[in-house]
Every structure is written in C-alpha cells, then in structure tokens.
Amino acid sequence: MAETTPDDREHTPEETEPSPEHIMQVATGFWGTKVLGAAVDLELFTVLADGGLRASEIERELGLHPRATRDFLDTLASLGFLERDNGDDPRYRNTPETAAFLNKADPRYIGGAINIFNQQTYDVWGGLEESLRTGEPQGVIDETGEPLWEEMYDDPMELEAFAEGMAGLSKGNFVAFAEQFDFSDYDSMTDVGGALGDLSRIVARRESHLSITTTDLPEVAELARERIHTDGLEDRIDAVSSDYNEEPIPDADLVTASLVLHQENLETKKTLMEKFYDAVNPGGTFVAIDHIIDDERQANTMGLMMSLNMLVYYGDAFDYTGQQFVSWAEDAGFEDVQIQHLKGPASMGIAHKG
Ligand SMILES: C[S@@+](CC[C@H](N)C(=O)[O-])C[C@H]1O[C@@H](n2cnc3c(N)ncnc32)[C@H](O)[C@@H]1O
C-alpha cells in the first residue's frame, strides 16, 4: 500500500487556501511601533508608575484629544502594554514589563531605544528601497560625508539619547554575558566601543577581581565617566577616550566588543579583528557580541533585519554569520573560535589567543 503523503489528505477549502494573515500582520507592523513609540514619547508609563490612572486623568495629564484617548489606551492594553479594569472611565495600570522597562524612574528603563526606533530609525528606513537599489545609506551620512557619530557629537542631548538607546538594546545581552561567561581566568578586561559603560558596570558588580577599561570616542567616554562615577565604580573601571580606527586598543586578558563589528564594512572588520588580536594578552580571549546570523541565513530574522538596518544607516556595513566570524578570527590568528547563544537574537563569538 502506498504511503499517505500530506497532499493525499482531505482538506477543507479553508485549509488549502493560503491566508493573507501573516502578510497583513507584517504590513501593518509599524502601527504597533508608532503606538508604543507615542506612549513612550508622552511618558505614559512613567505617569502610570504610581498605581495607575483613569482614562479621563490620563487624557488631562498627557493633553490627549478626547477622540483619541480610548483608542490609544485600549490599543496599548490589547497589545499587552497596559492592564485595564472595566467601566465608563476605566483605570489603566502598567504591566510588570512596562513598569520595569518603560518607567523613566526605573534603572531598567529602555525607552531610549524605543525613541530611537520610533523616530530616527523609522525615518531612515523610509529610504530602504533607495538603499536596496543603490547600496547607499539614507540620511545618516550627510552632504559633507560626515557619519552619524560625528554629527551627533555637536548635540550632547542627541548623543546621550542615542547612547541610552543603545544601552536599552544591549543591557539584556550584557546580563546574559555576565552570567554565562567564566571570568575566573582573567585579571583585566577592555570593552571596545563601550558607549555609556553598561557592559563594564554590569561585569564589575559581579567580578570584583577584574580591572576594567571601557573605550569610546571622546564625547561618549565622558558620558561613561559620569555614569561610572554615579555608580561609585571609578576605582574599578577606567573610561578611556580612544578611536579604534586611529589608536591601538588598550590591551587586556579579555577584550570585548558589542555591536561594534556589525557597524563596519568588510575591510574595517578584518582590520579590527587584527587589532583585537594584538590587544588580547597571550592566553586571553576576544568576545564579540552581535546579532550573529545562523550559517544557513534563515532562522535569525532579527539578525537579518539588523543587517538591513546597517545597510540603511551605513551602506557597506553588515551583520555576519557565525561562519564568517570564525573565518575572520582565524585569519587574525585566533584559535578555538566558537559561537555561543546569549539571549534572543544575540550571540557571542568567542576567540582564544594561544
Ligand atoms: C552601536 S554602539 C554599541 C555600544 C555598546 N557597545 C552596546 O553594545 O550597546 C557602537 C559604539 O561604538 C562607538 N564607536 C563608533 N566608532 C568608534 C571608533 N572609531 N572608536 C571607538 N568607538 C567608536 C560609538 O560611539 C558607540 O558607542
């Protein structure tokens, strides 16, 4: 008897007809981005931090139009970002997640990242089709050829907002890294492109034996220094201003770089791998944290979209697969190179120096 193949089974018309549901979900995905972005921008979750408010109170507090209030709040509740009771003028409260991560007064706040996605990234992605045709970045490298970082240095508020946004994106990865990685064989660590020093501060609190350096461009290093001081960690972490394209990387037993390799083109990636190798003390290790793409380029949708994000921001920068990381690391001289999953779409590439 012939085996039954899936095609031989009887299907109802609904089962055999393809559904446009997934297409529509993705097509309207930005509606959710904008609703959440507006709520963060209006500081709704911060306003609700003291136990919640009624619809009429939120309307007054945030200056909303009566036509908009209930649609806005009920959409947020339906998306799982607010809890609501019943009645004509219902009370809205934060969920455990929005209370933790979207209340400005909480140290776990990641609203900076939401603001970046909702405003800057949303605008830049408006030019995706242009980038797809030309390979050129959209709006971040200006007429004079100045890249994003250079422009933002003129505006400390914008720079800080961007750095906060980055930290929001990365904090979960840093905690996973601090929990998973065995630091016992290392006495020193340098985090390259460490922004506000979040990775260094998270590791410093857990690993009291490590002497830590965080590096970034001058204006960002200054912001890191302030945060380190506020946290009382100035004896543990040195915030150094250092351009990784121009200067050697401060050496250490363990060198880390999060969301750094992915923002560079192939040539700079390879040069950086050599610099990382030079910076790691003999017997030490280099760790790259990125949204490393699976070798089949299939499963890590966020990693693939992050690479498109690099296209619209920088043109020739791109996210990479585990296999690519292994080959660049080995070319630079590293041994025993591995990829280890961290959290969500993020993994670490671990490379040892003999
Ligand atoms: C995408 S952010 C990542 C920040 C942080 N490591 C994280 O994972 O959240 C890249 C960082 O690299 C820094 N950076 C860019 N070019 C640099 C350079 N040439 N030298 C040193 N740092 C640089 C930026 O200022 C920024 O803080």
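1. Let's start with glutamate 158, which you'll find in helix H11; helices here are DSSP runs of H or I with at least four residues, strands are runs of E with at least two, and both are numbered from the N terminus. Glutamate 158 is partly exposed, at a relative accessible area of 36%. On this scale buried means under 20%, exposed over 50%, and partly exposed in between, using a 1.4 Å probe and protein chains only. Now look across to valine 220: the two residues sit 62 residues apart in sequence and 11 Å apart in space, C-alpha to C-alpha.

2. A word on what you're looking at: this is a predicted model, where local features need pLDDT of at least 70, side-chain atom pairs count only at pLDDT 80 or more, and totals for chains, interfaces and linings use all residues. Residues are numbered from 1 along each chain as its sequence is written, and side-chain values use heavy atoms, with hydrogens and water left out.

3. The chain splits into domain 1 (21-101) and domain 2 (170-352), with bounds that come from an automatic or database domain assignment. Their centres, taken over C-alpha atoms, are 36 Å apart.

4. Next, try helix H5 (residues 55-62), where Ala55, Ile58 and Leu62 are buried. Down the axis of H5, these buried residues fall within an arc of 60°, so they line one face of the helix; the arc is that of the directions from the helix axis to the C-beta atoms. Arg60 and Glu61 are exposed on the other side of H5. The cover over the buried residues of H5 includes helix H4 (44-47), strand S1 (53-54), helix H6 (66-78) and strand S3 (91-94), where contact means heavy atoms within 4.5 Å. Just after H5 comes glycine 63, with a positive phi of about 70°.

5. Helix H16 (residues 322-332) makes a good second exercise: its buried residues are Gly322, Phe325, Trp328, Ala329 and Ala332. Viewed down the axis of H16, they fall within an arc of 130°, so they line one face of the helix. Gln323 and Asp331 are exposed on the face turned away from the buried side of H16. Packed against the buried residues of H16 are helix H14 (266-279), strand S8 (280-290), strand S9 (335-343) and strand S10 (346-352). Glycine 333 follows H16, and its phi is positive, near 115°.
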